[in-house]
Amino acid sequence: MTTTSLHPRDALFEDGDAATTLPVCDHYCGVEARMRKSLELQAELGPVFDITLDCEDGAPIGGEAEHVRMVAEMVGGAENRHGRVGARVHPVDHPAFADDVDTLISRTGDRLAYLMVPKPQGLADVQQALAHIAEAVRAHGKGHELPVHVLIETHGALREVQAIAAEPRIQSLSFGLMDFVSAHRGAIPKTAMGAHGQFTHPLVVRAKLEIAAAAHGHGKTPSHCVVTEFKDKHAIEAAATKASREFGYMRMWSIHPAQIQPIIDAFAPSAAEIDEAIEIIQAAQAAHWAPISHRHGNQDTLHDRASFRYFWQLLERAHRTGQPLPAEVRVAYFDGKP
């Protein structure tokens, strides 16, 4: 294969260097009716967003076992058309954690997109959860490639976030805003849980930046927290834009179906960005990935493999968010590609 015909992923990244790409929206739901509606919506729109079925907050007290069995049935059923459905289990120190993991992996481990582990107090809790998941995978012979996502929402987890991000099986780190604010015992005002305050309070901003930096440093996906003002379209649009454009997040939680499309739109590149990326990637490929000069507007700019990687990742994000791409671009770069 010549360097000209090399796919951008092969030309621009060494083995293991390219971070896993995930849908930009992670939609959470835990009540049966809402879970089923979310699965219907995903079937309609396609895998442009993930669904996380919630076995933690979604399960009634005393009904955890029945709830996780229902979740496993949904993950393994025909409703899961695209294979982009994961589940949040209970924290590792909760009595239901082991049953959550064993039930999900034994019944539907090969169809789960990921498991989300909430509320670790630090690296030791994450490692304990990973060990139990690995043992369940071994025992049941399912879920061998099952990724794990971790919710960073305690002082200890934030303190050890670099070490957590370094764990090989971890695919994504999420920021748990509500529990993080509550852990400060009133020292952070409730306004910091709102759509505006969470981007201005210094302690919350620090946490967001440390999580994003740790995730990127280890090739993992940082996932931004919730916006509770779910009926305020402007609030979710503004928060998603800030998260993606200023805080380095590649993914964001939705807690209401009305939030899904605004998150996808905010994380998507603009048409002008997509056009520029296509021009640069095609010119770079034609130049055997050597440095090129590119004219953008009235400005000539020099590009090499560092900027080629940026523009390729922008194209990948356009594809993940369902943006229209020219047919030749889809065929050359995405059709039939993992």
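**Close-up views of a predicted model**

**View 1. His90 and the residues around it.** Leaving out residues up to four places away in sequence, His90 touches Cys55, Glu56, Ala59, Glu64, Ala96, Phe97, Asp100 and Pro118; contact here means heavy atoms within 4.5 Å. A quick note on what you're looking at: this is a predicted model, where local features need pLDDT of at least 70, side-chain atom pairs count only at pLDDT 80 or more, and totals for chains, interfaces and linings use all residues. Residues are numbered from 1 along each chain as its sequence is written, and side-chain values use heavy atoms, with hydrogens and water left out. His90 itself sits in the loop between E3 and helix H4 (97-108). Helices (H or I, at least four residues) and strands (E, at least two) are DSSP runs, numbered from the N terminus. With a relative accessible area of 4%, His90 is buried; the cut-offs, for a 1.4 Å probe and protein chains only, are under 20% for buried, over 50% for exposed, and partly exposed in between. The His90 side chain makes a polar contact with the side chain of Asp100 at 2.6 Å. A polar atom of the His90 side chain also lies 3.2 Å from the backbone oxygen of Cys55. For a polar contact, two N or O atoms must be within 3.5 Å; within protein, one must be able to donate a hydrogen and the other to accept it, and residues adjacent in sequence count only if both atoms are side-chain atoms.

**View 2. Arg88 and its two acidic partners, Asp54 and Asp57.** Side chains of opposite charge can pair when their charged atoms come close. The rule used for a salt bridge is a side-chain nitrogen of Lys or Arg within 4 Å of a carboxyl oxygen of Asp or Glu, and it gives a count of 17. One of these joins Asp54 to Arg88, with the closest N and O atoms 2.7 Å apart. Asp54 belongs to strand E2 (residues 49-54) and Arg88 to strand E3 (residues 85-88), so this pair ties together parts that are 34 residues apart in sequence. Asp54 and Arg88 are both buried. Arg88 also forms a salt bridge with Asp57, where the closest N and O atoms are 3.1 Å apart. Here Asp57 lies in the loop between E2 and helix H3 (64-76), so the link is between parts 31 residues apart in sequence. Arg88 has a relative accessible area of 6%, whereas Asp57 is exposed at 58%. Step back a little and there's a network of salt bridges linking Asp54, Glu56, Asp57, Arg88, Lys119 and Asp179.

**View 3. A salt bridge within helix H9.** Glu210 and Arg206 pair up with their closest N and O atoms 3.2 Å apart. Both lie in helix H9 (residues 202-217), four residues apart, which is about one turn of the helix. Glu210 is partly exposed, with 30% relative accessible area, and Arg206 is partly exposed too, at 40%.

**View 4. Gly122 in its loop.** Gly122 is found in the loop between strand E4 (115-117) and helix H5 (123-140). Its relative accessible area is 5%, so Gly122 counts as buried. Apart from residues up to four places away in sequence, Gly122 touches Gly156, Ala157, Glu160 and Ile164. Pro326, 204 residues away in sequence, is 46 Å from Gly122, C-alpha to C-alpha.

**View 5. Arg69 on helix H3.** Arg69 is partly exposed, at 33% relative accessibility. Setting aside residues up to four places away in sequence, Arg69 touches Thr103 and Arg107.

**View 6. Where domain 1 meets domain 2.** The domain assignment gives domain 1 (8-13 + 270-334) and domain 2 (25-267), with bounds from an automatic or database domain assignment. Their centres, taken over C-alpha atoms, are 31 Å apart. Six residues of domain 1 are in contact with five residues of domain 2. The two domains bury about 480 Å² between them, 43% of it on carbon and sulfur atoms. Arg317, Arg320 and Thr321 supply 73% of the area that domain 1 buries against domain 2, more than any other three residues. Buried area is the accessible area (1.4 Å probe) that two parts lose on being put together, summed over both. The count between the domains is one salt bridge, and two residue pairs are in polar contact across the interface, both at pLDDT 80 or more.
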